[in-house]
Amino acid sequence: MFSSLVLNLLLVSFAMAEETLAATTHGNTWKYGTSGGVLGFIVLILDILVFMEVLKSNRPPSHKLLWCVMVFLFPILGFLIYWLFSNREAHAGSGSYEVIP
């Protein structure tokens, strides 16, 4: 009885939220704001590339962790700082992931 009531309330809340979201769209196909969209997807792909490059590098594990946390917390700024100031050529890895001791 209780679970069916919770399920019904959940479905009603989803239906009401969909109506609210549909009514508040402004026709902006790029969706610069908090919703992501095309630009958010591009930033996500670039951040994944940074994560892969950092994890494959020959940096110490603590430096890898710091770079990954920085890019995770500040996706755009962290990505830009990494690509501009991380000395990527000096830390080019062997092309495979290394085991963290």
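Is phenylalanine 74 buried, partly exposed or exposed in this model? The structure is a predicted model, and a good way to approach the question is to walk through the fold before coming back to this residue.

The protein contains four helices and zero strands, so that, read along the sequence, its pattern is α-α-α-α. Buried residues account for 14% of the 101 residues. The accessible surface amounts to about 8,000 Å², and 74% of that area belongs to carbon and sulfur atoms. When one looks at contacts between residues at least 6 apart in sequence, 56% of them join residues at least 24 apart.

An unreviewed UniProt entry places the feature "transmembrane region" at residues 32-52 and 64-85. In the model, the span of residues 64-85 is 95% helix and 0% strand, and the C-alpha atoms at its two ends lie 14 Å apart.

The next place to look is the interior. The largest nonpolar core has seven residues, namely Val50, Val54, Trp67, Cys68, Val71, Phe79 and Tyr82. Helix 2 (37-56), helix 3 (61-73) and helix 4 (75-85) each supply at least two residues of this core, with the largest share, three residues, coming from helix 3. One of the core residues, Cys68, is in contact with Phe51, Val54 and Leu55, if its neighbours within four places in sequence are left aside.

Helix 2 also holds residues that are not in this list, and two of them can be set side by side. Aspartate 47 is found in helix 2, and it counts as buried because its relative accessible area is 7%, which is under the 20% cut-off. Not counting residues up to four places away in sequence, aspartate 47 touches Val71, Pro75 and Phe79; of these, Val71 and Phe79 belong to the largest nonpolar core. Methionine 52 lies in helix 2 as well, but methionine 52 is partly exposed, because its relative accessibility of 36% falls between the cut-offs of 20% and 50%. Methionine 52 takes part in a nonpolar surface patch of about 520 Å², which is made by this residue together with Phe41, Leu44, Ile45, Ile48 and Leu49.

The loops deserve the same careful reading. Arginine 59 lies in the loop between helix 2 and helix 3, and what might be asked is whether this loop residue is buried or exposed. Arginine 59 counts as buried, because its relative accessibility is 3%, under the cut-off of 20%. The C-alpha atoms of arginine 59 and alanine 92 are separated by 8.7 Å, although the two residues stand 33 residues apart along the chain.

Phenylalanine 74, with which this account began, has its place in the loop between helix 3 and helix 4. Phenylalanine 74 is partly exposed, because its relative accessibility of 47% is neither under 20% nor over 50%. From phenylalanine 74 to aspartate 47 the distance is 10.0 Å, C-alpha to C-alpha, while the two are 27 residues apart in sequence. This pair therefore brings together a partly exposed loop residue and a buried residue of helix 2.

How values were computed:
Residues numbered from 1 in each chain as written. Predicted model: local features only at pLDDT ≥ 70, side-chain atom pairs only at ≥ 80, totals over all residues. Heavy atoms only, no water. UniProt positions renumbered as here; feature names shortened; annotations may be inferred. Core = buried A, V, L, I, M, F, W, Y, C linked by side-chain atoms within 4.5 Å. Buried < 20%, exposed > 50% of the residue type's maximum accessible area, 1.4 Å probe, protein only. Contact = heavy atoms within 4.5 Å. Areas by Shrake-Rupley, 256 points an atom, 1.4 Å probe, with all protein chains shown as cover. Patch = residues over 30% accessible without salt bridge, like charges linked within 9 Å, V, L, I, M, F, W, Y side chains within 5 Å. Salt bridge = Lys/Arg side-chain N within 4 Å of Asp/Glu carboxyl O.
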